[in-house]
Amino acid sequence: MTQGAKTLLKMSGITKRFPGVIALSGVSLSLAPGEVLALMGENGAGKSTLMKVLGGAQSPDEGSIEVDGRAATLSSVRVAKSLGIALIHQELMLAPNLDIAANIFLGSEPGRGPLLRPLPAREMKQKAAALLSRVGLTASPSTQVSLLTAGQMQMVEIAKALALNARIIIMDEPTSSLTAGESEHLFQIIGQLKADGIGIIYISHRMEEVMVLADRITVLRDGKYVGDLTRAEATHDKVVAMMVGRELSHHYFPEKVERPPAEARLVVDHLLVQGAPLGVSFHALRGEILGFAGLLGAARTELMEALFGVTPALSGSMTLDGKPYMPARARDAIQAGVYLAPEDRKRHGLVLPMSVAQNTSLPNVSSYSRFGYLNREQERRVAGAEVERLHTKTPSIEQRVVNLSGGNQQKVVLGKWLAMTPRVLILDEPTRGIDVGAKAEIYRHMAGLAEQGITILMVSSDMEEIMGMSDRVVVMHERRIRGVLVRSELSQERIAKLMTGTREEGGQAA
Ligand SMILES: Nc1ncnc2c1ncn2[C@@H]1O[C@H](COP(=O)(O)OP(=O)(O)OP(=O)(O)O)[C@@H](O)[C@H]1O
Ligand SMILES: [Mg+2]
């Protein structure tokens with residue numbers, strides 16, 4: 001990028017150290033007005049840290065930053081905001097109990113007059129409404145944020161950035177919890193922001209969307225700057241090679257082997273769950289990977305929670321290996337050999353202040369302890385093996401999970417479930433936020449578990465993953481099962497049709 005008026009932002013030689021970790025080492029990056037720059041790299045490469053530095057949330061140990069050609073010291077979030085830099089975090093940070101308008105102006109209450117007296121509520125609502133229409137959100141500004149979908153919350157975050165007159169908007173994995181439709185909407189909004197001359201830094205592990213959106217890609221590896229690619233230069237393989245430092249096979253889904261027909265393991269008959277699945281029936285075989293596809297509101301997660309006893313079913317019946325199975329709480333499910341790795345791992349899957357080793361052994365504590373004492377040796381061995389297998393980036397297994405990058409936290413949770421040998425393993429969005437290299441490992445591992453006879457129920461919004469991993473696919477739409485497709489019937493079009501509720505002939509009954 002050349003010097004002068006065309007550079008909106010320039011970061012040079014940024015270094016950031018944490019105890020035992022060099023998160024960033026001499027990283028540089030630049031951004032022009034109206035440019036979408038994708039920032040890519042494996043889990044723990046330093047993407048979020050670099051953006052926290054830019055957003056004023058973390059101060060670098062070394063390096064300099066220029067905004068509009070002028071040196072800037074981004075000593076706090078407030079200073080960064082005053083320079084027009086808005087950071088939308090990997091974990092959205094809205095206040096759930098406040099309404100949309102209050103959230104938009106939180107921390108930047110617009111004032112009026114020389115004393116900057118706060119705007120009356122009515123005016124604030126009007127301003128909020130104007131911003132909402134700019135991001136295409138139809139909800140009323142008085143709606144409480146906790147009632148919004150992830151996609152709508154993302155739009156509120158963007159409206160919040162616009163309220164600041166942000167000229168640089170940073171989005172850290174914005175689509176990781178969005179549905180396909182919501183992502184489409186986000187991309188449109190990004191197009192508009194671009195046209196308004198706003199510079200956007202976009203972090204994502206999803207190659208397809210980066211290829212569509214980005215004007216340029218900056219790649220980081222192990223806290224270091226690897227290089228830049230323009231949209232024209234970038235190919236999937238080139239970017240991946242830069243990220244992982246080696247060629248990675250494009251076909252990372254394990255070969256599907258024809259297996260002799262297996263016995264049914266889990267049979268679900270007319271299961272009815274409050275506010276969720278309406279009388280669903282299906283079965284899963286021993287050693288089968290059964291995919292669950294569907295859009296938001298399909299109630300896949302709710303179904304899984306019912307199978308796991310979190311929200312007990314109201315009616316219907318289930319059997320597990322031929323015996324009646326009706327868990328009233330998670331403990332019953334675990335005792336019966338049914339485990340669930342939840343979608344919202346932050347909330348359900350991890351104890352953030354505890355170490356990687358402790359988190360790995362948590363759900364399985366009984367099998368590590370003898371005579372009531374925790375077998376530390378065993379705990380460490382399993383944790384070490386999982387960290388190695390998934391290439392979890394952590395200075396040691398004693399590191400507190402809260403200090404790991406988003407994707408590495410995911411690996412810790414997933415590792416702990418994969419280390420167990422239940423009868424049925426339920427994985428809800430197993431690879432969300434996880435980089436390409438580790439995905440391949442997870443897939444291999446899942447296939448290995450299935451080979452041992454473990455039944456895997458996999459909820460996923462990633463169509464490639466559903467297609468690549470499932471032996472059969474259950475497609476849900478609005479709380480019902482619309483079809484079950486066997487491998488030979490699988491096509492994206494067919495799944496999409498069923499997912500959106502379009503009637504279709506055929507498709508094997510569950
Ligand atoms: N507060 C902290 N204390 C210690 N280490 C940290 C802290 N924050 C980040 N790190 C470490 O810095 C490195 C970079 O983390 P960062 O969150 O920037 O990665 P990332 O590229 O955003 O990864 P992901 O794709 O998983 O979100 C990681 O090794 C992480 O463990
Ligand atoms: Mg991150």
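Here's a quick walk through the domains, the ligand shell and one helix pair in this structure.

First, the housekeeping: this is a predicted model, where local features need pLDDT of at least 70, side-chain atom pairs count only at pLDDT 80 or more, and totals for chains, interfaces and linings use all residues. Residues are numbered from 1 along each chain as its sequence is written, while chains are lettered from A and ligands numbered from 1 in the order in which they are written.

Okay, domains. We've got domain 1 (9-244), domain 2 (264-337 + 422-505) and domain 3 (350-420), with bounds from an automatic or database domain assignment.

So where does ligand 1 sit? It lies between domain 1 and domain 3, because both give residues to its shell. That shell has 19 residues, and Phe 18, Ser 48, Thr 49, Ser 405 and Gly 407 are the closest; a residue counts if its C-beta atom, placed from the backbone, lies within 6 Å. Strand E2 (21-31), helix H1 (47-54) and helix H15 (406-418) each chip in at least two. Those elements are DSSP runs, numbered from the N terminus: helices are H or I, at least four residues, and strands are E, at least two.

Last up, helices H4 (residues 121-134) and H5 (residues 150-163). Their axes, lines fitted to C-alpha atoms over the stretch in contact, come within 9 Å and cross at roughly 115°, on a scale from 0 to 180 degrees between N-to-C directions. Who touches whom? Leu 131, Leu 132 and Arg 134 in H4 meet Ala 159, Leu 162 and Ala 163 in H5, contact meaning C-beta atoms, placed from the backbone, within 7 Å.

Conventions:
Two residues are in contact if their C-beta atoms, placed from the backbone, lie within 7 Å.
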